[in-house]
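Work through the three exercises below with the sequence and the structure open. Try each task before reading its solution.

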Amino acid sequence: MIWRRVAALCVLLQIGTEARTLSRRGASTSAGSSRASSGPAFESCRLTLTPDEHQVLDDNTHETGFNGDDGSHVILTWVGDDTGVVLVLSTISAAIDTFLEGGSSRLYRSTDYGKSFHDISSSINHTFIKEEFGVSVGPGSSVILTADTPVVDYPGGVIFTSTDAGATFHFVQLPFHLFQPMNYHFLNPSLLVALSIDGALWLSLDFGATWTKVHDGVHSFSWGAGVNLFFSCRKADTMDAEERGDMQLKRTKDLGKTFTTIHEDVYSFGYIGAFLFFSVMEDTRSPRVMYFSSDQGNTFSRALLPSASTEQFYSILDGDEDMLFMHVDNPGETYFGTMYTSDDRGILFSKSLERHLFDGQRKSDFRNITSLRGVYLTNKLDKDGRIRSVISFNRGGTWHQLSKPQNVECGKEVKNQCNLHIHGEHSRMNRIIPMLLLSEPTAVGLVIAHGTVGDCLASWQNPDVFVSSDGGYNWRGTLKGPHHYSILDSGGLVVAVEAQREGQVTTIKFSSDEGHCWKSYNFTEQPFFFAGLASEPGTKAMSVSVWGFRPEDDDQPMWVAVTIDFQSLITRECNDEDYEEWLAHLTEGGASERDGCLLGVKETYRRRKKKAMCRNGRGYIMVKKERQCQCTREDFLCDYGYQRHVNTSECVRQPDVHTKTLEMCLNGEEDELLTAGYRKVPSDRCEGGFSSQLEVQTIIRPCGVKPSQDAPAAHFTVPVTHFDTSRERLVLILVCAGAGVVVLAAVICALVTVRRGGDRRREPEYRFSNLQIQDDCNGATCDPGSGNSSNGTACALDSDNLTLLQ
């Protein structure tokens, strides 16, 4: 087992999903800094808070105690954009018959960014709310609370809906019992879809006021572009809705009036970016294969990926309108697999990273660094059994180990290369670290993460906090030991609270120069057990709330919220002199024309100087200038059937691919491709420059028909490879000589072939015909429809893990 192999070297830990609920038990056992061993020493800049600064913060720090609250779980939720509304739901973990005797949930609301709260439990009739469903917040200021009702006494469940950020709630009796939280439409909060405990799919067009059953026997569902709704369901003759590999994938584009069956024998499906994807198992003994569609299921094609047996799985790591990151598990309990990147249609996949770490829980350390375009970070399991972090700055084209932090020197015990390694999901779920890597699109280049420095990711070291200001190129140690952290003021302010394993917190640290120097502020005189650090989504705010509880004499928690407003400390708004132009992806000491080019574009940002003592403010808008670059080898990936040479960057034919012909036969039409071995990275916008030496040829012809050597080959600059035998050619000559009608037909066929073949010199192009779609419209005629936009969301929780990892 890999668990035992790695334990003495580097960490491979269990993983799971991030809990939205804060509990007393979880709060008191969070990751702490009491470990015996620590990593290499580094100097961390500390500044003293002046008496005047301390007084300003005291005057703008607000503490709220939720007296008399007997809840053991607290759920904290921000509602709306710049509304200042925070909802706090307090519940207890108890059996249904316990709370029926008088127990209830408590609901609190703040309209001033968490500085003060009011008990609004009466607005939901003091009803007990399901703790596992939490507070469901949708687009705009919509909120849904789901009540915990006994199934035997009610025909359906109960929800409370609000369209004004929780100012008022409306009681709704459902005609069904919810199996999972409601699913909002990504743009229209009035559209809700829900799955009942008996496997029925329900739809509401008026924000839950009325409901219509859409379909029975549903396993999972997902919104697509527009109002396209996809769902997998059992076949009519199948009784078990959980029978995997024996489901149908369907779509409704008119909100449940008509249906289209996209594919049979579906094992799992999902929707990310512009792509619908699903795995298919034609029988219970066959491995699964992946299919993708970029037009809402109207047409789809099998992805050129290895098939997955029952011991393996697929996982979509990330995706957008341009490409996908896909992990394919290796056979057996290896805890690693291969990461692939797709073309812009999700059909052609190329190897991106081998030995990509994935444990038995089917979770990954893969992260998108959102503060700089094209940057991704993950962990891999090397052949020596050690786990090491790698980073890509060109969307998975190449991967590199992270550089050693500038202010850290490795110890003598590190015999091999010394690098920074980042703790991910594995470490967080085992409480090695309290939170994952953090980056925000509005805080350009800023990355905060827990890591260790050495030749691998170490579990015996106490993880420290490291910061990068340039998107992951360079790092520096900033805080010793694990912390909770948050980004405020579009990166102009960073706050952190030290994670204590058993102790209580009183201090918050803050930095106005992206983590170079820190000041500490004691925000409370009465310590409490830390439960969470909350700030408004979007990083625009300058106030942050620290949540926790103090044990009372009766062993009931006294929940506490302390909100610190830093806007009163940093009062000056930034002006033009406080900003500088920063060229992203600029290599150290680089001065060539190519420096700073990524995915074919140079991006120059206007961002705040680190030493500028001012605030960006809520009106801050990130300014970016772009300039296109000439193409180089780095703008291209190795095409299907090719891989990078071990000693050069050239793409060479993979040993297991014996011919240059890629053949796909769909619905009576075949594409035969001769590829040059390269394809441009999806979303790369470079122009001119590098081009492969070979040309690209595509011939389209009916399946099973071999091309004649006499067929025209206009526009092609490389010889056509044919597979005709001497006997076949002889028969063809005899038939043509004896039948003029056949000759005429051959000429017409050749002309059609030339017209359809065309010139394919630009890039490898893959054209596939429409597949026959079986319609199931309950007797009505279906229009397959079309969709071109994307909501950029993912769903479909199933054992293939076809869901976007966050």
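**Exercise 1.** Decide whether M339 is buried or exposed in this predicted model, and describe its surroundings.

Solution.
- Step 1: Locate the residue. M339 belongs to strand β25, which covers residues 336-342.
- Step 2: Apply the cut-off. Buried means under 20% relative accessible area. M339 has 0% relative accessibility, so it counts as buried.
- Step 3: List the contacts. With neighbours within four places in sequence left aside, M339 touches residues including L317, F325, H327, L353, F366 and W399.
- Step 4: Check one contact in space. L353 is 14 residues from M339 in sequence, and their C-alpha atoms are 5.0 Å apart.

**Exercise 2.** Describe how strand β23 is enclosed and how it connects to strand β24.

Solution.
- Step 1: Count the buried residues. In β23 (residues 314-319), six of the six residues are buried, so the strand is largely enclosed by the rest of the structure.
- Step 2: Find the pairing. β23 and β24 (residues 324-329) are antiparallel and share five bridges; in one of them, S315 is partnered by H327.
- Step 3: Trace the link. Four residues form the hairpin from β23 to β24.

**Exercise 3.** Which strands stand at the edges of the sheet that contains β8, β9, β10 and β11, and why?

Solution.
- Step 1: Write the order. The open sheet has four strands, β8-β9-β10-β11, with antiparallel pairing.
- Step 2: Identify the edges. β8 (135-137) and β11 (170-173) each have a single partner strand, so one side of each lacks a neighbour in the sheet.
- Step 3: Add the twist. From one strand to the next it averages 25°.
- Step 4: Examine one pair. β8 and β9 (residues 143-146) are joined by three bridges, and S136 lies opposite I144.

Methods: Residues numbered from 1 in each chain as written. Predicted model: local features only at pLDDT ≥ 70, side-chain atom pairs only at ≥ 80, totals over all residues. Heavy atoms only, no water. Helix = DSSP H or I, 4+ residues; strand = E, 2+ residues; numbered from the N terminus. Buried < 20%, exposed > 50% of the residue type's maximum accessible area, 1.4 Å probe, protein only. Contact = heavy atoms within 4.5 Å. Pairing = 2+ DSSP bridges. Axes fitted to C-alpha atoms, helices over the stretch in contact; angles between N-to-C directions.
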